[in-house]
Amino acid sequence: MSFPLLTATAAVPAVGAILTAAVPAARRTAAKWLALLFSLATLALAAVVAVRFEPGGDRYQLTESHAWIKDFGVRYELGVDGIGVALIALTALLIPFVIGAGWHDADPLETHSSRWRPTQGFFALILMVEAMVIISFEATDVFLFYIFFEAMLIPMYFLIGGFGDRAHTGTDENAAAQRSYAAVKFLLYNLAGGLIMLAAVIGLYVVAGSFSLQEITAARAAGTLDIATNTERLLFLGFFFAFAVKAPLWPLHTWLPNAMGEATAPVAVLITAVVDKVGTFAMLRFCLGLFPEASKWATPVVLVLALISIVYGALLAVGQRDIKRLVAYASISHFGFIILGIFAMTSQGQSGATLYMVNHGLSTAALMLVAGFLISRRGSRLIADYGGVQKAAPVLAGTFLIGGLATLSLPGLAPFVSEFLVLVGTFARYPVAGIVATLGIVLAALYTLVLYQRTMTGPVKDESIRTMPDLKFRELLVVTPLIVFLIGLGVYPKPLTEIVNPAVEHTMSDVKQHDPEPEVEAAK
Amino acid sequence: MSSLTAVHGLWAVAADPVERIPAPHIEYAQLAPTLIVVGAAILAVLVEAFVPRTSRYYVQVFLSVAALASAFAAVVALAAGGYGSTKAHIAAMGAIAVDGPALFLQGVIILAAAVSVFTFAERRLDPAAHGNRVDSFAAQAASVPGSDSERAAVKAGFTTTEVFPLALFAVAGMLIFPAANDLLTLFVALEVFSLPLYLLCAVARRQRLMSQEAAVKYFLLGAFSSAFLLFGIALVYGYAGSVSYARIADVVDGTVTSVDPALAGTMGNDALLLIGGALILMGLLFKVGAVPFHMWTPDVYQGAPTPVTGFMAAATKVAAFGALLRLLYVVLPGLRWDWRPVMWGVAIVTMLAGAVIAVTQTDVKRLLAYSSIAHAGFILAGVIATSEEGVSSVLFYLLAYSFVTIGAFAVVTLVRDAGGEATHLSKWAGLGRRSPLTAAVFAVFLLAFAGIPLTSGFSGKFAVFKAAAEGGAGALVVVGVISSAIAAFFYIRVIVLMFFSEPKADGPTVTVPSPLTMTAIAVGVAVTVVLGVAPQYFLDLAGQASTFAR
């Protein structure tokens with residue numbers, strides 16, 4: 001038996017989480033380094049996964065399969081396709097930056113009792129989330145996926161509710177109440193989605209007699225498993241509801257601005273750049289893979305919701321006064337693009353959506369982490385409290401600008417490629433949808449540039465900004481690689497598209513869809 | 001002629017009594033688990049009478065644990081001997097079934113009782129009174145609260161060690177309850193375990209009036225439910241001419257045609273069966289705590305001494321569901337088209353009402369009480385499946401649920417302030433900051449109650465919902481997940497309170513317990529995690545144990 005690479009990729013951060021949590025209260029710094037070390041080890045394993053993966057090979061590679069709970073028909077089945085590899089790589093890549101950016105976010109206050117170990121908890125929870133996200137990208141058993149899809153809510157919930165911005169912790173009762181509200185809202189939305197999905201998961205088993213994605217897909221393709229149209233639609237809705245909450249899709253999105261606004265910047269990155277991707281990933285893998293007919297049936301409604309997300313998210317982003325909430329609404333708009341690309345049912349659209357997931361992770365991470373550095377300096381999230389920052393902290397302002405430009409998909413930066421592909425893919429089949437989605441780009445330019453203008457340019461607002469220190473070494477170390485990746489993948493996206501395209505072809509054949517004529521050549 | 005036989009008969013009885021009253025044939029070895037516990041209980045009464053007061057506690061604890069351990073060993077031996085599967089049959093002249101479900105549930109009840117006895121025996125939590133270590137039970141249950149006699153008893157260092165024999169008697173009744181194979185045995189078992197429980201509820205050391213009130217409520221409502229049960233038994237006897245499960249089932253199926261001349265007017269009358277069956281069901285649903293027979297649950301759970309609450313919540317539920325399963329699957333399967341719609345309604349109302357009312361609770365024990373009602377609803381969903389998967393899923397759920405429950409109530413005993421246990425939720429604010437470990441353990445139990453994956457609660461919930469869906473009760477599953485979502489809200493609220501609120505200055509402290517309570521909690525956590533991550537072995541066990549002997 002070969003080395004269980006996929007299990008190891010998920011197990012390493014899990015072990016790291018346990019070890020980090022066990023570090024004594026006084027050895028805070030050791031816990032941080034331990035967490036960083038384990039996240040880097042995970043990154044190394046993810047790199048091995050990416051290298052070992054052969055783009056032209058089998059659909060699911062590096063597979064592992066063991067009996068787990070026989071009575072439930074559940075197997076421990078792992079396997080990755082190109083989409084999974086790309087997202088595992090994204091997750092493993094972002095976590096070290098999240099840890100680095102949050103280095104001091106969970107240092108205990110003097111008021112805390114000596115037995116309270118927030119630092120250990122913070123980093124252990126981040127690693128735990130990483131482990132669970134990675135295994136949900138790997139699971140090819142519906143039940144196994146469901147377990148981790150649900151379980152990751154718990155560490156995430158503690159991360160949102162337990163750790164706020166430094167500027168707000170401790171004394172401010174109101175901020176604590178808001179944070180706890182945001183955490184509960186996050187959990188209830190996602191738990192409700194998950195429980196609806198549980199009913200659908202059980203229903204799927206009753207209908208199909210198996211949880212194995214490969215078995216069910218094969219049986220459906222061969223015509224040996226026939227699911228009644230109405231049953232398939234109901235099951236699809238059960239699954240889609242959970243993923244649409246997670247993604248999040250309008251009108252199920254309202255938890256995201258609260259959660260991202262109240263959480264610390266690294267945790268906000270974790271939510272939007274990593275955890276939410278499980279939702280869009282699962283739409284591709286499970287909704288389209290298991291219920292192709294129902295997916296086609298639901299397409300018009302999903303497309304409309306995605307368009308509403310794009311425009312509504314962007315419009316609300318324009319109106320935000322709070323930097324983090326602005327990024328949150330921008331993310332809602334971007335998730336609209338991703339879902340649009342998935343349900344356009346063209347290969348460009350789906351390739352674009354997958355690239356979009358990766359690129360959105362990178363660009364949001366860059367923008368949000370720099371925003372977090374900015375907020376930690378001034379102690380305020382309100383845009384109105386800033387002005388003229390670029391005079392005092394030019395490097396901070398510069399990196400913020402690049403993050404912002406990536407968010408508005410400037411050509412030359414990675415998100416441009418994916419956004420372009422999504423639009424081309426959508427336009428080929430649904431021209432009107434393509435045109436409406438383009439509105440989102442225009443609005444994106446508005447909200448990012450206005451954000452930059454109000455915070456960074458103009459006269460220096462007050463004394464605290466005049467004396468604002470520029471990015472420190474640790475912060476530079478976090479931001480620079482992200483920017484390098486944004487530019488690198490913007491100029492040369494081929495390695496990513498090569499991995500992703502075969503997987504997209506498989507998904508397209510699942511739903512028995514072909515690109516409409518005339519073929520538009522995917523960006524190669 | 002007739003007068004002649006009568007006279008003759010008199011002589012015959014006198015001459016040959018043995019033929020007329022055959023000596024009952026009792027399989028003592030197969031009834032060993034129950035007999036051991038009953039024997040130990042009687043012995044424990046003698047201990048109360050003859051052993052000096054100072055050493056009673058130790059003797060009682062030892063005796064209880066030893067009895068439960070040997071009873072468990074007997075259950076395992078019987079199961080290993082094949083009585084759970086191939087050799088399953090009805091023992092004791094058709095009164096008691098020795099089969100898979102009975103043995104499985106007896107095992108669960110004994111283990112739950114053993115863990116509960118640990119919490120009964122805890123003496124480190126309450127501050128010592130006059131230099132005497134005290135447990136959760138009144139110094140002298142008979143003395144009026146606040147009276148001189150009570151003060152004297154406290155000063156003298158009396159303790160109510162009678163709780164151990166009472167608990168053993170209750171366990172004995174619970175062991176027979178799910179195994180009872182005729183209606184009279186069922187009723188006797190019900191009384192045998194209910195009466196000690198009424199008493200146990202009344203003997204709290206603190207807040208004695210509340211405790212006594214709870215006991216009276218429990219007793220009155222329990223007496224009502226017993227009356228219903230008995231009435232139902234009488235009606236069903238009228239219908240079937242027998243109290244034996246097998247015989248009634250045959251009559252229901254229509255395979256018995258011979259009519260007892262004395263009952264010629266009533267036998268086979270469907271009205272008697274339907275009304276009688278409904279009344280018996282009501283009696284059992286009362287013990288299960290299903291809506292609308294749940295009214296006693298919150299008050300009794302809140303008023304009873306917390307270790308007793310844990311014991312009651314876990315073991316009673318196991319025993320009552322066992323009896324319910326046997327009744328529905330052995331006696332009334334022929335009637336399932338009649339009882340299924342009713343049970344559907346009960347399950348839906350139970351799940352929703354339990355979850356919704358729990359949202360407004362402000363006391364931890366009442367919260368757990370309503371949560372137990374909601375869980376009864378989930379288990380009923382598995383009962384309704386009417387399949388082997390239904391039985392095994394219910395067995396598994398009961399195993400998972402009982403240990404989480406005992407563990408959760410054991411944690412409740414630890415959080416104390418000057419007035420004893422601080423059960424009001426507002427006092428739990430910030431507990432996670434002060435005692436991270438205790439709060440984390442309680443959070444694990446709450447997550448298990450909420451059915452979060454990787455805990456036993458999820459495995460159990462999945463098992464019953466899957467069985468229900470396969471049994472054609474898809475709508476029940478949907479109601480189930482909706483109430484799970486509602487229920488999640490209040491479990492999560494407690495976690496929020498513990499971890500995200502600032503602790504209050506005058507908040508309660510977490511008392512460090514003796515290894516006894518620690519064991520109870522540790523067992524709870526271990527079962528929660530093992531059944532959540534690797535449930536296969538126990539699912540197999542429950543699967544093998546899912547066939548009733550008839």
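In the predicted model, the loop that connects α13 (323-343) to α14 (347-378) of chain A contains Met345(A). The phi angle of Met345(A) is near 60°, a positive value in a residue other than glycine. Met345(A) has 27 C-beta neighbours inside 10 Å and therefore counts as buried, the cut-off for this class being 20 or more.

A positive phi is also found in chain B, at Thr386(B), where the angle is near 45° and the residue is again not a glycine. Thr386(B) is placed in the loop between α15 (364-384) and α16 (388-414) of chain B. Because 20 other C-beta atoms lie within 10 Å of Thr386(B), this residue is buried; the class begins at 20 such atoms.

Two cis peptide bonds, each preceding a proline, were identified in the backbone. In chain A, the bond from Trp250(A) to Pro251(A) is cis, with omega near 5°. Pro251(A) belongs to the loop that joins α9 (229-246) and α10 (255-262) of chain A. In chain B, a cis bond runs from Val291(B) to Pro292(B), and its omega is likewise near 5°. The loop between α11 (270-288) and α12 (296-303) of chain B holds Pro292(B). As a general background to these backbone features, most residues other than glycine have a negative phi, and most peptide bonds are trans.

The interface between the two chains comprises 29 residues of chain B in contact with 31 residues of chain A. On the chain B side, the elements that supply two or more residues are α17 (431-434), α18 (436-450), α19 (456-470), α20 (474-500) and α22 (536-544). Of these, α20(B) provides the largest share, with 12 residues. Classified by residue type, the side of chain B that touches chain A is made up of 20 nonpolar, four polar and five charged residues.

Helix α22 of chain B, one of the elements listed for this interface, includes Asp540(B). Asp540(B) has 14 C-beta neighbours inside 10 Å and so counts as partly exposed, since this class falls between the limits of 12 or fewer for exposed residues and 20 or more for buried ones. Within chain B, the C-alpha atom of Asp540(B) is separated by 9.5 Å from that of Phe396(B), although the two residues are 144 residues apart along the chain.

Methods
Residues numbered from 1 in each chain as written. Chains lettered and ligands numbered in written order. Predicted model: local features only at pLDDT ≥ 70, side-chain atom pairs only at ≥ 80, totals over all residues. Contact = placed C-beta atoms within 7 Å. Helix = DSSP H or I, 4+ residues; strand = E, 2+ residues; numbered from the N terminus. Nonpolar A, V, L, I, M, F, W, Y, C, P; charged D, E, K, R; others polar.
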